[in-house]
Amino acid sequence: MTNLRSLAALTATVALVLLASSCDPRGDNAVAPTIGKPSYHFDILECRPFKMTGGGRIDYPPGTADKNPPASHEYETFGAHVISEPNGQTDELGHCLGAKGSLEWVDHRPEWNINGRPLNLHSLEIRWADFATDTDCADGGARWGGILVIKNTGQQSQFEVFDCDNGEPGAGHDGFGIRLWDFPYEVLCFDSSLPPAEPSCTLTGGNRQLHPTH
Amino acid sequence: MKIALLLSLIWVPSVALGQMQRTATAQAFGVSVTTATVNQTTPSAVAPAEGGMAQNDAGDVTIASLVTAQDAYAIASGWADDGYSDAIGNASLGSVNILNGLITATGVVAIATSTAGGNDAYGSSLANLVVNGVSMSAPEPNTRVDLPGVGYVVLNEQIATVSGITVNMIHVVLQRTGLLGTQTLGDIIVGSASSSVN
């Protein structure tokens, strides 16, 4: 089951990267430059009760532990929490159903100013959450998703996040990344030289906190 | 019966005490003005006491003739848990103009983070900050600049609180000096985040 799910997730990941690249309306690559070979963490997953909470800031690109110059406005701020309560069912990709939570995401980059506002993503439903057992996140990692609305346009999209609690403080250690499935947008860091587990991007502020049980 | 009653009297306070020991609070706001005639805070988010996240946004903000700000967002998240409590307040704004150009910035981020491991303001920043005509980059915590005829401003204000931290990226204290000395007339705060866990 785990192997099938990993294969399905890997296939989906590759397909989505190709799709996102081909759909980018601005013609540039939304994925950070790759240094080293991606190791595709977050692909060995299991259904387990847990909770992941917090929020903060990412300076993407490049997504390192360093803040970009503030005047560049190259940063994203967010809050996100997920509560995994597996109900014994999985979706077509093998993701564990039975989750709830919320996500709020703001991308302050000028190129993502849509209809006069920074790109603002707001979750409508968290549908699934998997506990990742293949990451080097010291306290735990998770991959979860659902449906969100792009508040700038009203368009809805499926999404998934890559969520990593890698000790404290969260800044410089923890990671977070997001990918939309129905809109060409992602903030993912495929860089094996960065902490923590790729493709999550290193937080430059805030914290991700894994609660093993709830 | 008497034993059960006695046990309940012992048990209930101990549970209540346990609950009191685990709290996580977080809040954030974009702009707040407090004067004799104006008392307004927007947008504001306070994490639910039972745990969870709250968010609010106000788009463009204008408060009297004192402050204008663009793209103001506030997010607050807090969860109390044995050994795993965390709280994060997060306020972000685009261009800000305070007191008709006396203080301007093109981006403000305030982040307050509290965990069992401590409190920090990592991620907080000011972009293209100009105070009274002087450009300032990355002011150190609690940098005070006098504003003649107005009062003073504290930049990157970081205040330790009980089990937490409050971050005010721009805090203007309005003052008037007269025969009776210096009198505080109000406050303008832009980009504020607070968090605490215990």
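**Salt bridges, chain contact and local geometry in a predicted two-chain model**

Asp57(B) counts as partly exposed because its relative accessibility is 30%, where buried means under 20% relative accessible area, exposed over 50% and partly exposed in between (1.4 Å probe, protein chains only). The model is predicted, so that local features need pLDDT of at least 70 and side-chain atom pairs count only at pLDDT 80 or more, whereas totals for chains, interfaces and linings use all residues. Residues are numbered from 1 along each chain as its sequence is written, chains are lettered from A and ligands numbered from 1 in the order in which they are written, and side-chain values use heavy atoms, with hydrogens and water left out.

Asp57(B) takes part in a salt bridge with Lys151(A), with N and O 2.9 Å apart; a salt bridge is a side-chain nitrogen of Lys or Arg within 4 Å of a carboxyl oxygen of Asp or Glu. This pair crosses between chains: Lys151(A) is in the loop between strand 7 (140–150) and strand 8 (156–165) of chain A, and Asp57(B) is in strand 3 (residues 52–63) of chain B. Lys151(A) counts as partly exposed, since its relative accessibility is 36%. Side chains of opposite charge can pair when their charged atoms come close.

Between chain A and chain B, 4 salt bridges are counted. The count of residue pairs in polar contact between chain A and chain B is 13, both residues being at pLDDT 80 or more. A polar contact is a pair of N or O atoms within 3.5 Å; within protein, one must be able to donate a hydrogen and the other to accept it, and residues adjacent in sequence count only if both atoms are side-chain atoms. On the side of chain A that touches chain B, at least two residues each come from strand 2 (50–58), strand 3 (76–84), strand 4 (99–107), strand 6 (117–132) and strand 11 (201–211) of chain A. Of these, strand 11 of chain A gives the most, with 7 residues. Strands (E, at least two residues) and helices (H or I, at least four) are DSSP runs, numbered from the N terminus.

The contact (heavy atoms within 4.5 Å) takes 40 residues from chain A and 35 residues from chain B. The area buried between chain A and chain B is about 2,700 Å², and carbon and sulfur atoms give 57% of this area. Buried area is the accessible area (1.4 Å probe) that two parts lose on being put together, summed over both.

Chain A itself has 1 helix and 11 strands. Of its 214 residues, 60% count as buried. Among contacts in chain A between residues at least 6 apart in sequence, 67% join residues at least 24 apart.

Salt bridges are also found within chain A, and the structure holds 16 over all chains. Asp107(A) forms a salt bridge with Arg109(A), in which the closest N and O atoms are 2.7 Å apart. Asp107(A) counts as buried because its relative accessibility is 0%, and Arg109(A) is buried because its relative accessible area is 6%. A salt bridge also joins the side chains of Asp163(A) and Arg208(A) (2.7 Å, N to O). Here the pair links distant parts of the chain, with Asp163(A) in strand 8 of chain A and Arg208(A) in strand 11 of chain A, 45 residues apart. Both Asp163(A) and Arg208(A) are buried. In addition, a network of salt bridges links Asp43(A), Arg143(A), Glu160(A), Arg179(A) and Glu186(A).

In chain B, Ser124(B) is placed in the loop between strand 9 (118–120) and strand 10 (125–127). Ser124(B) counts as buried because its relative accessibility is 9%. A polar atom of the side chain of Ser124(B) lies 3.0 Å from the backbone nitrogen of Ile111(B). Apart from neighbours within four places in sequence, the residues in contact with Ser124(B) include Arg57(A), Lys67(A) and Val109(B).

The backbone was also examined. Tyr60(A) and Pro61(A) are joined by a cis peptide bond with omega about -15 degrees, and Pro61(A) is in the loop between strand 2 and strand 3 of chain A. The peptide bond from Glu168(A) to Pro169(A) is cis as well, with omega near -5 degrees. In chain B, Ala64(B) has a positive phi, near 50 degrees, in a residue other than glycine. Ala64(B) counts as exposed because its relative accessibility is 54%. Asp71(B), which is not a glycine, has a positive phi of about 50 degrees; Asp71(B) is in strand 4 of chain B and is buried because its relative accessible area is 11%.
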